[in-house]
Amino acid sequence: MLTRLRLFARFVTLCCLAACYSEAKSTRSARSGVTLNGAGATFPYPVYTRWFSRFGDSTGVQINYRSIGSGAGLRELLDGSADFAAVDVPLDTLERRALAERGIRQVPLVVGGAAVAYHLPNLTRQLRID
């Protein structure tokens, strides 16, 4: 039987493949009763929902994800109530080192962008946003 960490590693691998191929195929496995719990960022929730559903259909592994915010998800991971967490930003060097000491690694799965739109007809100088 695979450990939770190995199951999650397999899930991450399948997510990466599914992102590259519209119809990723995997072998069906009899792992009924295995559940992974995750929590964290709200931004990736829509894509995670789809990925987790497809992964569950192909493997029988159920993945529950609660979109409760990056900080709360990281706290749940650290206190052991979540098997994995999602955060919106890359961790800084000190955070990565501290988590690595506990065997926790950050793996980028979803990337998003932000755009600023404005309409300031009376602006007389260049708008600077830092």
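**Helix α2 and the three-stranded sheet**

Good morning. I begin with helix α2, whose buried residues (under 20% relative accessible area, 1.4 Å probe, protein chains only) are Tyr48, Trp51, Phe52, Phe55, Ser58 and Thr59. Because they cover an arc of only 130 degrees around the axis, taken from the directions from the helix axis to the C-beta atoms, they lie on the same side of α2. An α-helix has 3.6 residues a turn, so residues three or four places apart point the same way. On the face turned away from the buried side, α2 carries Pro46 and Arg50, both exposed (over 50%).

A word on the source: this is a predicted model, in which local features need pLDDT of at least 70, side-chain atom pairs count only at pLDDT 80 or more, and totals for chains, interfaces and linings use all residues. Residues are numbered from 1 along each chain as its sequence is written, and side-chain values use heavy atoms, with hydrogens and water left out.

Now the sheet. Three strands (DSSP E runs of at least two residues) form an open sheet in the order β2-β1-β3, with parallel pairing (at least two DSSP bridges between two strands). Its edge strands, β2 (62-67) and β3 (84-86), each pair on one side only. Strand β1, residues 35-40, pairs with β2 over six bridges in the parallel sense, and Asn37 stands opposite Asn64 in β2.

Helix α2 (residues 45-59; helices are DSSP H or I runs of at least four residues) packs on this sheet and touches β2 and β3 (heavy atoms within 4.5 Å). Finally, α2 is followed by Gly60, whose phi is positive, near 85 degrees. Thank you.

Terms used. Axes fitted to C-alpha atoms, helices over the stretch in contact; angles between N-to-C directions.
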